[in-house]
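Trainee: I should like to learn how local features of a protein model are read. May we take them one at a time?

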Amino acid sequence: MSKVAIVTGAGTGIGKYTTLALLEEGYSVALAGRRAAVLEEVVEESGASDRALAIATDVGNPQDVNLLFDRTLSKFGRLDLLFNNAGTGAPGVPMEELTLSQWQHVVDTNLTGAFLCTQAALKIMKYQSPRGGRIINNGSISAQVPRPNSAPYTATKHAITGLTKSTALDGRAFDVVCGQIDIGNAATDMTSRMTDGVPQADGSRKAEPTMHVDNVVRAVLYMDSLPLDANVQYLTVLASTMPFTGRG
(Lines give C-alpha, C1' and ligand atoms only; values in the text may rest on other atoms or scores of the structure.)
Protein backbone atom coordinates (compact mmCIF):
# COMPACT_ATOMS: atom_id res chain seq x y z
CA MET A 1 0.00 0.00 0.00
CA SER A 2 1.43 3.38 -1.01
CA LYS A 3 1.86 6.12 1.55
CA VAL A 4 -0.48 9.10 1.50
CA ALA A 5 0.84 12.65 1.94
CA ILE A 6 -0.53 16.17 2.16
CA VAL A 7 1.83 18.94 1.05
CA THR A 8 0.86 22.54 1.72
CA GLY A 9 2.28 25.28 -0.47
CA ALA A 10 2.52 22.58 -3.14
CA GLY A 11 2.20 24.79 -6.20
CA THR A 12 5.62 26.41 -6.22
CA GLY A 13 9.14 26.20 -4.84
CA ILE A 14 10.04 23.55 -2.28
CA GLY A 15 6.45 22.35 -2.04
CA LYS A 16 6.22 21.73 -5.77
CA TYR A 17 9.48 19.81 -6.04
CA THR A 18 8.78 17.77 -2.91
CA THR A 19 5.36 16.88 -4.29
CA LEU A 20 6.84 15.74 -7.61
CA ALA A 21 9.41 13.61 -5.78
CA LEU A 22 6.81 12.02 -3.52
CA LEU A 23 4.67 11.12 -6.52
CA GLU A 24 7.71 9.69 -8.29
CA GLU A 25 8.38 7.56 -5.20
CA GLY A 26 4.88 6.11 -5.41
CA TYR A 27 3.09 8.20 -2.79
CA SER A 28 -0.46 9.41 -3.24
CA VAL A 29 -0.42 13.17 -2.62
CA ALA A 30 -2.98 15.85 -1.89
CA LEU A 31 -1.62 19.19 -3.09
CA ALA A 32 -2.76 22.24 -1.14
CA GLY A 33 -2.25 25.83 -2.21
CA ARG A 34 -4.16 29.03 -2.84
CA ARG A 35 -4.18 28.80 -6.67
CA ALA A 36 -5.98 25.79 -8.11
CA ALA A 37 -4.60 26.32 -11.63
CA VAL A 38 -1.00 26.23 -10.39
CA LEU A 39 -1.67 23.04 -8.43
CA GLU A 40 -3.19 21.43 -11.51
CA GLU A 41 -0.06 22.29 -13.49
CA VAL A 42 2.03 20.39 -10.95
CA VAL A 43 -0.32 17.41 -11.19
CA GLU A 44 -0.02 17.44 -14.98
CA GLU A 45 3.76 17.73 -14.81
CA SER A 46 3.93 14.74 -12.48
CA GLY A 47 2.23 12.37 -14.92
CA ALA A 48 0.61 10.71 -11.91
CA SER A 49 -2.86 12.24 -11.89
CA ASP A 50 -4.36 9.01 -10.56
CA ARG A 51 -2.42 9.51 -7.32
CA ALA A 52 -2.60 13.30 -7.07
CA LEU A 53 -5.41 15.48 -5.77
CA ALA A 54 -5.23 19.26 -6.16
CA ILE A 55 -7.26 21.17 -3.56
CA ALA A 56 -7.34 24.98 -3.47
CA THR A 57 -6.66 25.81 0.17
CA ASP A 58 -6.02 28.83 2.34
CA VAL A 59 -4.34 27.11 5.29
CA GLY A 60 -5.28 29.99 7.58
CA ASN A 61 -8.98 29.30 6.95
CA PRO A 62 -10.38 26.49 9.16
CA GLN A 63 -13.10 25.60 6.66
CA ASP A 64 -10.55 25.21 3.86
CA VAL A 65 -8.34 23.04 6.05
CA ASN A 66 -11.24 20.80 7.07
CA LEU A 67 -12.17 20.36 3.41
CA LEU A 68 -8.55 19.54 2.50
CA PHE A 69 -8.30 16.74 5.04
CA ASP A 70 -11.83 15.44 4.45
CA ARG A 71 -11.24 15.17 0.70
CA THR A 72 -7.85 13.54 1.20
CA LEU A 73 -9.32 10.93 3.53
CA SER A 74 -12.25 10.33 1.20
CA LYS A 75 -9.95 9.89 -1.83
CA PHE A 76 -7.05 7.95 -0.35
CA GLY A 77 -8.39 6.42 2.88
CA ARG A 78 -5.64 7.48 5.30
CA LEU A 79 -2.81 9.96 5.92
CA ASP A 80 0.83 9.02 6.51
CA LEU A 81 2.67 12.33 6.00
CA LEU A 82 1.85 15.99 6.43
CA PHE A 83 4.46 18.44 5.14
CA ASN A 84 3.60 21.82 6.64
CA ASN A 85 5.36 23.90 4.01
CA ALA A 86 3.04 26.82 3.20
CA GLY A 87 4.56 30.15 4.10
CA THR A 88 4.59 33.83 3.28
CA GLY A 89 6.42 36.97 4.32
CA ALA A 90 5.76 40.67 4.84
CA PRO A 91 7.40 43.64 3.11
CA GLY A 92 11.01 44.09 4.19
CA VAL A 93 10.48 47.37 6.00
CA PRO A 94 11.40 48.51 9.52
CA MET A 95 9.25 46.81 12.13
CA GLU A 96 7.51 50.00 13.19
CA GLU A 97 6.26 50.55 9.65
CA LEU A 98 4.43 47.23 9.38
CA THR A 99 0.67 47.31 9.50
CA LEU A 100 -1.29 45.00 11.75
CA SER A 101 -2.86 43.36 8.71
CA GLN A 102 0.59 42.59 7.25
CA TRP A 103 1.63 41.02 10.55
CA GLN A 104 -1.61 39.08 10.87
CA HIS A 105 -1.42 37.71 7.32
CA VAL A 106 1.98 36.15 8.02
CA VAL A 107 0.83 34.75 11.37
CA ASP A 108 -2.35 33.31 9.83
CA THR A 109 -0.46 31.54 7.05
CA ASN A 110 2.80 30.47 8.68
CA LEU A 111 1.69 29.66 12.22
CA THR A 112 -2.08 29.32 12.44
CA GLY A 113 -2.10 27.44 9.14
CA ALA A 114 0.47 24.94 10.40
CA PHE A 115 -1.48 24.53 13.64
CA LEU A 116 -4.79 23.93 11.87
CA CYS A 117 -3.23 21.37 9.53
CA THR A 118 -1.45 19.64 12.41
CA GLN A 119 -4.69 19.50 14.38
CA ALA A 120 -6.55 17.96 11.43
CA ALA A 121 -3.74 15.47 10.79
CA LEU A 122 -3.73 14.31 14.40
CA LYS A 123 -7.44 13.59 14.26
CA ILE A 124 -6.78 11.17 11.41
CA MET A 125 -3.41 9.70 12.39
CA LYS A 126 -4.34 8.87 15.98
CA TYR A 127 -7.31 6.73 15.02
CA GLN A 128 -6.53 5.22 11.61
CA SER A 129 -5.33 1.66 11.16
CA PRO A 130 -2.40 1.13 11.09
CA ARG A 131 -2.15 3.97 13.60
CA GLY A 132 0.22 6.92 13.41
CA GLY A 133 1.99 9.08 10.88
CA ARG A 134 4.65 11.75 10.42
CA ILE A 135 4.44 15.53 10.39
CA ILE A 136 7.34 17.55 8.98
CA ASN A 137 7.36 21.30 9.54
CA ASN A 138 9.30 23.68 7.29
CA GLY A 139 10.96 25.89 9.85
CA SER A 140 13.48 27.72 7.63
CA ILE A 141 16.78 28.93 9.05
CA SER A 142 14.70 31.92 10.15
CA ALA A 143 13.61 29.59 12.95
CA GLN A 144 17.19 30.01 14.21
CA VAL A 145 18.36 33.46 13.10
CA PRO A 146 16.58 36.49 11.57
CA ARG A 147 17.24 38.43 8.45
CA PRO A 148 16.99 42.23 8.64
CA ASN A 149 13.44 43.62 8.66
CA SER A 150 11.76 40.22 8.88
CA ALA A 151 10.01 40.27 12.26
CA PRO A 152 6.72 38.60 11.22
CA TYR A 153 8.39 35.79 9.29
CA THR A 154 11.08 35.22 11.91
CA ALA A 155 8.61 35.26 14.80
CA THR A 156 6.34 32.71 13.15
CA LYS A 157 9.23 30.44 12.23
CA HIS A 158 10.54 30.52 15.80
CA ALA A 159 7.02 29.61 16.87
CA ILE A 160 7.04 26.66 14.46
CA THR A 161 9.85 25.19 16.55
CA GLY A 162 7.59 25.31 19.59
CA LEU A 163 4.76 23.72 17.62
CA THR A 164 7.15 21.00 16.44
CA LYS A 165 8.22 20.20 20.00
CA SER A 166 4.65 20.14 21.30
CA THR A 167 3.44 17.97 18.43
CA ALA A 168 6.30 15.51 18.91
CA LEU A 169 5.47 15.24 22.61
CA ASP A 170 1.69 15.10 22.34
CA GLY A 171 1.76 12.64 19.45
CA ARG A 172 4.18 10.27 21.17
CA ALA A 173 1.52 8.03 22.70
CA PHE A 174 -0.25 7.65 19.35
CA ASP A 175 2.70 6.84 17.05
CA VAL A 176 2.60 10.32 15.54
CA VAL A 177 6.08 11.77 15.13
CA CYS A 178 7.00 15.33 14.23
CA GLY A 179 10.24 16.81 12.98
CA GLN A 180 11.42 20.10 11.53
CA ILE A 181 13.55 20.93 8.51
CA ASP A 182 15.28 24.32 8.47
CA ILE A 183 16.22 25.33 4.95
CA GLY A 184 18.68 27.96 3.82
CA ASN A 185 18.93 29.35 0.28
CA ALA A 186 17.46 26.58 -1.83
CA ALA A 187 17.42 27.71 -5.45
CA THR A 188 13.82 28.17 -6.62
CA ASP A 189 11.94 30.94 -8.41
CA MET A 190 11.17 32.38 -4.99
CA THR A 191 14.85 32.74 -4.05
CA SER A 192 16.21 33.96 -7.40
CA ARG A 193 16.63 37.44 -5.89
CA MET A 194 19.46 36.10 -3.71
CA THR A 195 21.82 36.03 -6.66
CA ASP A 196 21.10 39.74 -7.24
CA GLY A 197 21.66 40.74 -3.64
CA VAL A 198 19.74 40.64 -0.36
CA PRO A 199 20.04 42.81 2.78
CA GLN A 200 22.75 41.87 5.27
CA ALA A 201 23.00 42.51 9.00
CA ASP A 202 25.69 45.16 8.48
CA GLY A 203 23.37 47.22 6.29
CA SER A 204 24.96 46.18 3.02
CA ARG A 205 23.34 44.28 0.18
CA LYS A 206 25.12 41.22 -1.16
CA ALA A 207 24.48 38.25 -3.39
CA GLU A 208 24.28 34.96 -1.52
CA PRO A 209 25.14 31.42 -2.62
CA THR A 210 22.28 29.00 -3.18
CA MET A 211 22.02 25.22 -3.38
CA HIS A 212 19.96 22.96 -5.63
CA VAL A 213 16.43 22.39 -4.32
CA ASP A 214 16.95 18.63 -4.75
CA ASN A 215 19.05 18.70 -1.58
CA VAL A 216 15.94 19.73 0.35
CA VAL A 217 13.71 17.22 -1.40
CA ARG A 218 16.07 14.34 -0.60
CA ALA A 219 16.21 15.45 3.03
CA VAL A 220 12.41 15.41 3.34
CA LEU A 221 12.24 11.98 1.71
CA TYR A 222 14.89 10.70 4.11
CA MET A 223 13.00 12.02 7.13
CA ASP A 224 9.88 10.17 6.03
CA SER A 225 11.77 7.00 5.11
CA LEU A 226 12.35 6.20 8.78
CA PRO A 227 10.02 3.88 10.68
CA LEU A 228 7.74 5.59 13.19
CA ASP A 229 9.93 4.47 16.09
CA ALA A 230 12.64 6.81 14.79
CA ASN A 231 12.50 10.54 14.11
CA VAL A 232 14.70 13.29 12.74
CA GLN A 233 13.73 15.95 15.25
CA TYR A 234 15.65 18.79 13.61
CA LEU A 235 17.52 18.93 10.32
CA THR A 236 19.24 21.98 8.83
CA VAL A 237 20.15 21.90 5.15
CA LEU A 238 21.66 25.01 3.60
CA ALA A 239 24.05 26.35 1.01
CA SER A 240 27.35 25.65 2.73
CA THR A 241 28.90 29.09 2.06
CA MET A 242 25.86 31.26 2.73
CA PRO A 243 26.03 33.83 5.56
CA PHE A 244 24.87 31.85 8.55
CA THR A 245 27.55 30.20 10.63
CA GLY A 246 29.85 32.45 12.61
CA ARG A 247 29.95 36.13 11.68
CA GLY A 248 28.59 35.93 8.15
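Mentor: Certainly, beginning with a cysteine. The sulfur of Cys 178 lies 12 Å from the closest cysteine sulfur, that of Cys 117, which is too far for a bond. This is a predicted model, in which local features need pLDDT of at least 70 and side-chain atom pairs count only at pLDDT 80 or more, while totals for chains, interfaces and linings use all residues. Residues are numbered from 1 along each chain as its sequence is written, and side-chain values use heavy atoms, with hydrogens and water left out.

Trainee: How many disulfides does the structure hold?

Mentor: A disulfide is a covalent bond between the sulfur atoms of two cysteines. Here the term requires a pair of cysteine sulfur atoms within 2.5 Å, and the structure holds 0. Cys 117 is accordingly in no disulfide.

Trainee: Is Cys 178 buried or exposed?

Mentor: Buried means under 20% relative accessible area, exposed over 50%, and partly exposed in between, with a 1.4 Å probe and protein chains only. Cys 178 is buried at 1%, and Cys 117 is buried at 0%.

Trainee: Which residues have an unusual backbone geometry?

Mentor: Most residues other than glycine have a negative phi, and most peptide bonds are trans. In this model, Ser 140 has a positive phi of about 75 degrees, and Asn 185 has one near 65 degrees. Both are buried, Ser 140 at 8% and Asn 185 at 4%. The peptide bond from Ser 129 to Pro 130 is cis, with omega near -5 degrees.

Trainee: Where is Ser 140 placed?

Mentor: Helices (H or I, at least four residues) and strands (E, at least two) are DSSP runs numbered from the N terminus. Ser 140 lies in the loop between S5 and H5, and Ser 142 is in the loop between strand S5 (133-138) and helix H5 (151-170).

Trainee: What is Ser 142 in contact with?

Mentor: Contact means heavy atoms within 4.5 Å. Leaving aside neighbours within four places in sequence, Ser 142 touches Tyr 153, Thr 154, Lys 157 and His 158. Ser 142 is buried, with a relative accessible area of 7%.

Trainee: Where does H4 bend?

Mentor: The bend at a residue is the angle between axes fitted to the seven residues ending there and the seven starting there. H4, residues 100-125, bends by about 35 degrees at Asp 108.

Technical notes. Expected span 1.5 Å × (residues − 1).
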